[in-house]
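Here are my notes for someone opening this one for the first time. Have a look at the model, then go through the points in whatever order suits you.

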Amino acid sequence: MGDIYDGAFRTIVNDCRQMVLPFINEAFGERYDGTERITFHPNEHFIDQMDEADRKRITDTNFTVVGKEIRKYHLECESGPYNGKILVRLFEYDAQIALDEGEVGSDAIRVTFPHTAVLCLRDTAHTPDKMRVVIETPGGEVGYWVPIAKMASYTIDELFEKKLYILMPFYIFTYERKFAEYNANEVSLSELKAEYRHIIERLNRLVEKGEMSGFDRRTIIELSNDVARELTKRYEALQKEVCELMSGAMIITDVHKAREEGKSEGIRLGREEGREEGREEGREEGRNALCIEMIRDGLITVSDAARKLCMSEEEVRKMMV
């Protein structure tokens, strides 16, 4: 089960790299402005077991941020309950990352440990805000802190305000304690769906304002769907409604993409007058029909459809007759 959440985290971090820096700023108190370069490193590491076979460890993600300074980071996503074993595993990862990139001389080795943070998808009253690694060496004691980001600590408004978009696929975890109620109560479920519609609309507005790419929006929605499908699999009614909402949002995203591609194709094929008119007319009819279907299914509003189709609300309502 955890593999799905880990995979979603790795995907959004690697595929939507510009979303990483706001999370680094939040977790470590950095002030990256988005102009920095991010270089990712292999996730597979082999822990030396001396006489035994080496153990392969896969980190969620580790990378270097190149700005005014060069810093290494290691991020992990944890879906299970908190316990001290998490820190043991993190130290193993950190040590191996440091060794993999260590500088070996004739009489010395220099290793650099990464700045490490954990995203806890679930937490309890016993989950700390940070953990500490302390290493006692013959030359003295050294240590470092590992901050913990708790999914339940963030409201959706905070995620948008702080641009913590990489956390959005996991927002469904904040409702986990109420799944039974949502599954049995249609009124409560409709309120949850309304919030997710609002989230999707806010993502759409970011794309329209040029503050987020269409690819990033689709990635967030698609991964949100994957996470929700796994997390709600014991609650049939809840899973069906939420995942259908997400799937509908992805279809609308594809319609918008097809509309933009249709514009470009229209310019390129402008000389093929009759044939291009037929193509565009067919595309337009398909887009219109799909949006009307989404309205009837309650996935978008009339005003949403009017904006996406560049029509007035009155024109959209006439098509529904």
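**Notes on the cavity and a few residues**

1. Let's start with the lining of the largest cavity: its residues split into 10 nonpolar, one polar and no charged. Keep in mind throughout that this is a predicted model.

2. Who are these residues? The nonpolar and polar members counted above are Ile 156, Met 168, Tyr 171, Tyr 196, Ile 199, Ile 200, Leu 203, Ile 220, Ile 221, Ser 224 and Met 246. About 60 Å³ of space lies inside this cavity. Searching the whole structure turns up two cavities of 30 Å³ or more.

3. Which helix gives the most to that lining? It's H6, with four residues. Helix H6 (186-208) and helix H7 (214-231) each bring at least two residues to the lining. If you wonder how such spaces are found in general, rolling a probe the size of a water molecule over the atoms shows where empty space is left.

4. Now step back to the whole protein. You'll find 11 helices and 10 strands in it. The protein has 321 residues, and 43% of them count as buried. The exposed surface comes to about 17,700 Å², with carbon and sulfur atoms supplying 49% of that.

5. A word on how the chain comes together: take the contacts between residues at least 6 apart in sequence, and 58% of them join residues at least 24 apart.

6. Next, the cysteines. How many disulfides does the structure hold? Zero. For Cys 120 the reason is distance: the closest cysteine sulfur, in Cys 77, is 8.6 Å from the sulfur of Cys 120, and that is too far for a bond, because a disulfide needs the two sulfur atoms within 2.5 Å. Cys 120 counts as buried, with 1% relative accessibility. Cys 243 is buried too, at 3% relative accessibility.

7. Please look at Tyr 175 as well. This residue is found in the loop between helix H4 (156-161) and helix H5 (179-184). Buried or exposed, where does Tyr 175 fall? It counts as buried, since its relative accessibility is 10%. Setting aside residues up to four places away in sequence, Tyr 175 touches Tyr 182, Leu 192, Glu 195 and Tyr 196. One of these, Tyr 196, also appears in the lining of the largest cavity. Tyr 175 and Ala 152 are 23 residues apart along the chain, and 8.8 Å separates their C-alpha atoms.

8. Lys 163 is another one to check, and its place is also in the loop between H4 and H5. Its phi is near 60°, a positive value in a residue other than glycine. For background, most residues other than glycine have a negative phi. Lys 163 counts as partly exposed, at 47% relative accessibility.

9. Last, go back to helix H6, where you'll find Asn 204. At 5% relative accessibility, Asn 204 counts as buried. What does Asn 204 contact once its neighbours within four places in sequence are left aside? The partners are Arg 217 and Lys 308. Right beside Asn 204 in the numbering, Leu 203 is one of the residues lining the largest cavity.

Key:
Residues are numbered from 1 along each chain as its sequence is written. This is a predicted model: local features need pLDDT of at least 70, side-chain atom pairs count only at pLDDT 80 or more; totals for chains, interfaces and linings use all residues. Side-chain values use heavy atoms; hydrogens and water are left out. Buried means under 20% relative accessible area, exposed over 50%, partly exposed in between (1.4 Å probe, protein chains only). Contact means heavy atoms within 4.5 Å. Accessible areas come from the Shrake-Rupley method with a 1.4 Å probe; for residues, only the protein chains shown count as cover. On a 1 Å grid over the protein atoms alone, a cavity is a set of points where a 1.4 Å probe fits but cannot get out, and a pocket is an open set with protein on both sides within 12 Å along at least five of seven lines; lining residues have an atom within 4 Å of a point. Grid points are joined across faces, edges and corners, and a volume is the space filled by probe spheres set on the points. Ala, Val, Leu, Ile, Met, Phe, Trp, Tyr, Cys and Pro count as nonpolar, Asp, Glu, Lys and Arg as charged, and the others, Gly among them, as polar.
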